Amino acid sequence: MVVKLRRPILVGGLGLSFSLWMLQNLHDSMVQIGEFGLLSLFALGGGLWLLKLNRTQDSSKPENSLPVDRATVEGTIAKAEAVVNQLAQETENPQTVGTLREQVAYLTAELDRQEMIAAVTGGKSVGKTTLIEVLKSTWCQNSLQFQETPPLFQEAGEKSDADILTQANKSDIVLFLTNGDLTDSEFQSLQQLKAVNQSTILVFNKQDHYLPDERVSVLQSLKHRMSSIVVATAASPSPMKVRKHQEDGCVQEWLEVPAPDIQQLTQQLSEMVTQQGQQLVWATTMRKALLLKAEAKNLLNRTRGDRAVPVIEQYQWIAAAAAFANPVPALDILATAAINAQMVMDLGSLYQQTFSLEQAQTVAGTMGGLMLKLGLVELSSKAISTVLKSNAITFVAGGLVQGVSAAYLTRIAGLSLVEYFQQQEVATHSGTALNLDKLRQTLQSVFQQNQQMGLLQSFVKQSVKRLTPQAQQSQLIESEITA
């Protein structure tokens, strides 16, 4: 295999200090791994999992949970527009960009919206339709319109619960109906609404189906479990038997339908519309802006990801050829470090993260050090050696292991860097310093995803074809790997 290296780092970037640094890291890490390397990896993985769990809990407060004012919302809309504009520069789909820009303009107009919207949601048969009908017929509030969502918690339906809750989050207020104490599914849905700063009223409907003591108990339980506003209603009370004793001793009986009991709800709605109307509209606009920004970012990441894959594949095969051709391990490490540094620069440019030569070397070295400390180098080499074990491999066995391992680790580094960039805010200027904790977590996650035996076998077969062009030997190795 002949590969022309025209990148600056690949040609002249193997600085002595950087090389010695990589070699020292390799030596120190291999000494520390020892016979307890695998146990240490498990312990480290467990510690990182706990750390991630704690950080998830600590950082569960969403960006839009802060007090919302007009300036904050306008700033969020501007950020969404910036991502859309960046997408416009990189995508070849102007129709999609045009649609997103229309949504940005709509959000700006939304800031001055006067009419408010309340979404009525909940499971099946909780009284959503009836409650809306009663509110419309008995409560005069022209500034608040009601919209019913499809039922939640259906096994088969046109929309998933996530889609329904996303629809509800585009309203100013959510009336979440339940017929009793919360089920786990209801509780989780309410938590999702809370996580996006959605103003929610939990409505204990059909309270008339319970005895007085039971009503109090259910209502107290709901208020204890939820921090949102909780009210009790009976939108369609059950008929009550009325008995009247006549003067002649006869008893007259009939069924009488009580008037709907929605006073707690209408009082709460009136206060929210009067006192918090503008804030609620701004909060809704904020949520819509964040959704639009996320949609544009996903499209941008998809576009960049399609361009990143060929870059990663290019450098993984260059790394494989360099490691396969050089029998001295130190030279393999030096070549791979230089190749990864150039890959960092190319991937960074795709994600508007501009790295200098020194910065790219530092990033590549940092990722290599993390791989060593996490035991990924050792684990991948063992896994690849296991796949490659066969009597057909003769003098090139060592070179194959080194070559395939270099390609595999280069691929993991590239995919991890792409995943890391995609998790960050979309950059429209030179990149900032890397978050090593997030990069470490990303490396572990990407490595685990690519450790499935089927994926590994496929990658090894592809690598063998690249590194051993002799048709007979390649076919024999491929047949034994498949077997």
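**Strand pairing and two positive-phi residues in a predicted model**

User: In this predicted model, how many bridges join strand β1 to strand β3?

Analyst: Strand β1 covers residues 116-122 and strand β3 covers residues 173-178, and the two run parallel. One pairing between them places T121 opposite its bridge partner in β3, F176. The number of bridges that join β1 to β3 is five.

User: Which strands are the edge strands of the sheet?

Analyst: The open sheet is formed by five strands in parallel pairing, and their order is β2-β1-β3-β4-β5. An edge strand pairs on one side only, which leaves β2 (144-148) and β5 (229-232).

User: At about what angle to β3 does helix α8 run?

Analyst: Helix α8, made of residues 184-195, lies across two strands, β3 and β4, the latter spanning 200-204. Relative to β3, the helix runs at about 170°.

User: Where does F153 lie, and is F153 buried, partly exposed or exposed?

Analyst: Most residues other than glycine have a negative phi. F153, although not a glycine, has a positive phi of about 65°, and F153 lies in the loop between β2 and α7 (161-168). Because its relative accessibility is 28%, and buried would require under 20% whereas exposed would require over 50%, F153 counts as partly exposed.

User: What is the relative accessible area of N197?

Analyst: N197 is not a glycine either, yet has a positive phi of about 65°, and N197 lies in the loop between α8 and β4. This residue is partly exposed, with a relative accessible area of 28%.

Definitions and conventions: Residues are numbered from 1 along each chain as its sequence is written. This is a predicted model: local features need pLDDT of at least 70, side-chain atom pairs count only at pLDDT 80 or more; totals for chains, interfaces and linings use all residues. Side-chain values use heavy atoms; hydrogens and water are left out. Two strands pair if DSSP finds at least two bridges between them. Helices (H or I, at least four residues) and strands (E, at least two) are DSSP runs, numbered from the N terminus. Contact means heavy atoms within 4.5 Å. Axes are lines fitted to C-alpha atoms, for helices over the stretch in contact, and angles run from 0 to 180 degrees between N-to-C directions. Buried means under 20% relative accessible area, exposed over 50%, partly exposed in between (1.4 Å probe, protein chains only).
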